[in-house]
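Here are my notes on this model, as numbered points. Please read them with the structure open.

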Amino acid sequence: MFRRTAFAALAAVAALTLAGCGNNSPAASTSSPSSSSSSTPALSGEITVFAAASLTGTFTQLGKDFEAAHPGVKVHFSFAGSSALAQQINQGAPADVFASAAPKNMDQVTDKGTATNFVKNTLEIAVPKGNPGKITGLKDFADKNKKIAICAVQVPCGAAAKKVFDATKIVAQPDSLEQDVKAALTKVSLGEVDAAMVYKTDVLAAKDKVEGIEFPEADKAINDYPIATLTKAQNPDGAKAFVDFVLSAQGTTVLTAAGFDAP
């Protein structure tokens with residue numbers, strides 16, 4: 001009788017122990033999804049991007065694509081000559097990302113992270129539709145009878161033009177020195193000059209407003225475009241995500257479709 005009673009007691013204890021273990025299993029399984037769901041928080045806020053004037057069309061498109069991929073995020077752009085943008089950043093202008101048309105201007109910025117070259121661009125001669133000034137090539141930039149616009153030497157397109165002129169021993173005779181490439185292109189589209197030295201991407205972006213003339217000497221001054229987050233960015237997570245987006249396959253597709261070359 002004693003053995004039967006003892007055996008029954010042991011069986012009851014074992015059943016209670018197993019029941020306790022069974023109750024713990026669901027608790028463990030419900031805690032697992034909770035811990036795995038703690039991923040990187042979604043991006044939010046605003047991102048301010050300072051970018052070279054020649055990036056206006058492509059970066060405007062990339063900004064829209066980025067906003068579509070990250071609802072609630074707003075990307076603001078400031079487009080101008082790279083030298084002016086670098087100066088503004090050094091003077092304390094609030095920006096999260098800087099994309100320059102030349103490494104020189106990126107190097108001038110003290111408040112920057114690691115810069116990465118993301119595209120290249122090549123110079124091209126832009127003339128009004130129909131080429132009324134009868135421009136045939138680079139030598140026409142030395143003709144005082146032609147109305148010519150080039151970028152100021154502080155601007156990447158101006159520095160590149162100077163390299164070409166120096167290499168070919170051509171003494172340019174500009175009637176206008178512009179602070180960014182878009183300003184030079186505007187003078188062409190309005191018919192205010194016979195020709196301007198711009199980038200091939202600007203000619204493509206202008207579509208039927210201007211015509212482009214390629215010249216072999218352009219290979220002597222191909223511009224690398226670097227991009228970097230700024231160390232004092234007000235939205236560092238957003239800044240990094242935007243730079244990564246520009247460097248992604250989707251970003252590269254938009255840029256190369258506009259005429260930029262891979263770095």
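1. Start with the helices on the sheet; keep in mind that the model is predicted. Helix H2, residues 56–69, lies across five named strands: E1 (45–52), E2, E3 (97–99), E4 and E10. Its direction runs at about 175 degrees to that of E2.

2. Helix H3 covers residues 82–90 and also packs on the sheet. H3 touches E1, E2 and E3. The angle between the directions of H3 and E1 is about 135 degrees.

3. Now the sheet itself. The sheet is open and has 5 strands, in the order E2-E1-E3-E10-E4. Pairing is mixed. Strand E2 (73–80) and strand E4 (116–121) form the edges, each pairing on one side only. From one strand to the next, the twist averages 20 degrees.

4. Look next at the E4 edge. E4 pairs with strand E10, residues 223–229, in the antiparallel sense. The pairing spans 5 bridges. To find the register, take Thr116, which stands opposite Ile227 in E10.

5. How many disulfides does the structure hold? The count is 1. The disulfide joins Cys151 to Cys157, with an S to S distance of 1.9 Å. The link between Cys151 and Cys157 is left-handed, at -105 degrees about the S-S bond.

6. Are the two cysteines, Cys151 and Cys157, buried or exposed? The cut-off for buried is under 20% relative accessible area. Cys151 has 3%, so Cys151 is buried. Cys157 has 2%, so Cys157 is buried as well.

Terms used:
Residues numbered from 1 in each chain as written. Predicted model: local features only at pLDDT ≥ 70, side-chain atom pairs only at ≥ 80, totals over all residues. Heavy atoms only, no water. Pairing = 2+ DSSP bridges. Helix = DSSP H or I, 4+ residues; strand = E, 2+ residues; numbered from the N terminus. Axes fitted to C-alpha atoms, helices over the stretch in contact; angles between N-to-C directions. Contact = heavy atoms within 4.5 Å. Disulfide = S-S within 2.5 Å. Buried < 20%, exposed > 50% of the residue type's maximum accessible area, 1.4 Å probe, protein only.
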